[in-house]
Amino acid sequence: MKLIAGFAAGLVFGLGLVISGMSNPAKVLNFLDVFGTWDPSLAFVMGGATVTTYIGYRLVWKRPAPVLTEGFQIPTNRTIDAKLLTGAALFGLGWGIGGFCPGPAWTALPMMAPGTLLFIPAMLVGLWLGGWLSAGGLRGSARPA
Amino acid sequence: MELSTPTEFTPWLSLGGGILIGLSAVIVMALFGRIAGISGITTGVMGAVVPMQSSASDRDWRIAFVVGLVTAPILYAIVTGGWPEQTVPSAPLGMIAAGLIVGVGTALGSGCTSGHGVCGLARLSPRSLAAVVTFMATAAITVFVLRHVI
């Protein structure tokens, strides 16, 4: 059941990316290019997704627990620290170079453009490296459970 | 230097696609009680192969979710008879650097466009808002420099 549900949720998410045009890096880069070939579409995607999620979350949170797992696991960290801002700044830099964030990179995979086939393995290495740095890197501090 | 392929402004398709993304985020919360952040989900999937800071109990549905993501354009192609329109930057070093930086950045910043953007803003999280403002700004500056300065 969890597998079917996970697959269905991923499929809906992926169809959303494809239909909205966000699976196309050119469209994303044009949103970011306010002083060039600007395409405001991404703002409509974010708007539609965020409002839907805002309403849906509030309906879902009326339930005591999720359907398939023990409890809701919602991030509790509220501190805006250097690590958050450094990470976000780096993510923006990479997003601006490649036009891919993680979701659209996955939906681009079956079309196998050369740029996609380089981006995805590099992203996976980056996620591993970032996780290692988060855990203390060379200092090797204990990993939070 | 970067390609600037003009794209058509698609307000209705983008709004509709955005609503689907939101529905998926709501499904993930309703069924699994989790934030639908793709960088986090990808990290969970990688935990099957290499040691990662991810929970093993969430691994199976996350793997299925990524399979669903990858299946979406294939389903689209079967239904419409063609792949979705796509222009991917081709500079090899640029794409390798972009992938690495996106990976490191989303791991350090604990989220990307979906986790901080869609889900975080929907939770009215100040932390996510700070992340979104930061990555939108550095992304726009990056594109400006690549397209209009260099």
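Biologist: How many residue pairs are in polar contact across the interface of chain B and chain A?

Modeller: The rule finds 26 such pairs, both residues at pLDDT 80 or more. A polar contact is a pair of N or O atoms within 3.5 Å; within protein, one must be able to donate a hydrogen and the other to accept it, and residues adjacent in sequence count only if both atoms are side-chain atoms.

Biologist: Which helices of chain B supply that side?

Modeller: Helix 1 (11-32), helix 2 (38-46), helix 3 (59-80), helix 4 (92-108), helix 5 (113-122) and helix 6 (126-149) of chain B each supply at least two residues. Helix 1 of chain B gives the most, with 20 residues. Helices here are DSSP runs (H or I, at least four residues), strands are too (E, at least two), and both are numbered from the N terminus.

Biologist: What are the ground rules for this structure?

Modeller: It is a predicted model: local features need pLDDT of at least 70, side-chain atom pairs count only at pLDDT 80 or more, and totals for chains, interfaces and linings use all residues. Residues are numbered from 1 along each chain as its sequence is written, chains are lettered from A and ligands numbered from 1 in the order written, and side-chain values use heavy atoms, with hydrogens and water left out.

Biologist: What makes up the side of chain B that touches chain A: how many residues are nonpolar, polar and charged?

Modeller: There are 66 nonpolar, 33 polar and 8 charged residues. Ala, Val, Leu, Ile, Met, Phe, Trp, Tyr, Cys and Pro count as nonpolar, Asp, Glu, Lys and Arg as charged, and the others, Gly among them, as polar.

Biologist: How many residues of each chain are in contact?

Modeller: Contact means heavy atoms within 4.5 Å. By that test, 107 residues of chain B are in contact with 107 residues of chain A. The area buried between the chains is about 9600 Å², and carbon and sulfur atoms give 75% of it. Buried area is the accessible area (1.4 Å probe) that two parts lose on being put together, summed over both.

Biologist: Why is the pair Arg147(B) and Asp33(A) called a salt bridge?

Modeller: A salt bridge needs a side-chain nitrogen of Lys or Arg within 4 Å of a carboxyl oxygen of Asp or Glu. The closest N and O atoms of Arg147(B) and Asp33(A) are 2.7 Å apart, so the pair passes. Arg147(B) is in helix 6 of chain B, and Asp33(A) is in the loop between helix 2 and helix 3 of chain A.

Biologist: What makes Arg127(B) and Asp81(A) a salt bridge?

Modeller: Their N to O distance is 3.8 Å, so the pair meets the cut-off as well. Arg127(B) lies in helix 6 of chain B and Asp81(A) in the loop between helix 3 and helix 4 (82-98) of chain A, so the pair joins two chains.

Biologist: Why is Arg127(B) called buried or exposed?

Modeller: Buried means under 20% relative accessible area, exposed over 50%, partly exposed in between (1.4 Å probe, protein chains only). Arg127(B) has 9%, so it is buried. Asp81(A) has 32%, so it is partly exposed.

Biologist: Which residue forms a salt bridge with Asp39(A)?

Modeller: Lys27(A) does, with the closest N and O atoms 2.9 Å apart. Asp39(A) lies in the loop between helix 2 (25-32) and helix 3 (41-60) of chain A and Lys27(A) in helix 2 of chain A, so the pair ties together parts 12 residues apart in sequence. Both residues are buried.

Biologist: Why is Cys101(A) not in a disulfide with Cys112(B)?

Modeller: A disulfide is a pair of cysteine sulfur atoms within 2.5 Å. The sulfur of Cys101(A) is 6.1 Å from that of Cys112(B), its closest cysteine sulfur, so the pair is too far for a bond. The whole structure has 0 disulfides. Cys101(A) is buried at 8%, and Cys112(B) is buried at 1%.

Biologist: What makes helix 2 of chain B largely enclosed?

Modeller: 7 of its 9 residues are buried, so the rest of the structure largely encloses it. One of them is Thr42(B), with 1% relative accessibility. Leaving aside neighbours within four places in sequence, Thr42(B) is in contact with Trp106(A), Leu124(A) and Leu127(A).

Biologist: How many helices and strands are in chain A?

Modeller: Chain A has 6 helices and 0 strands. Of its 145 residues, 53% count as buried.
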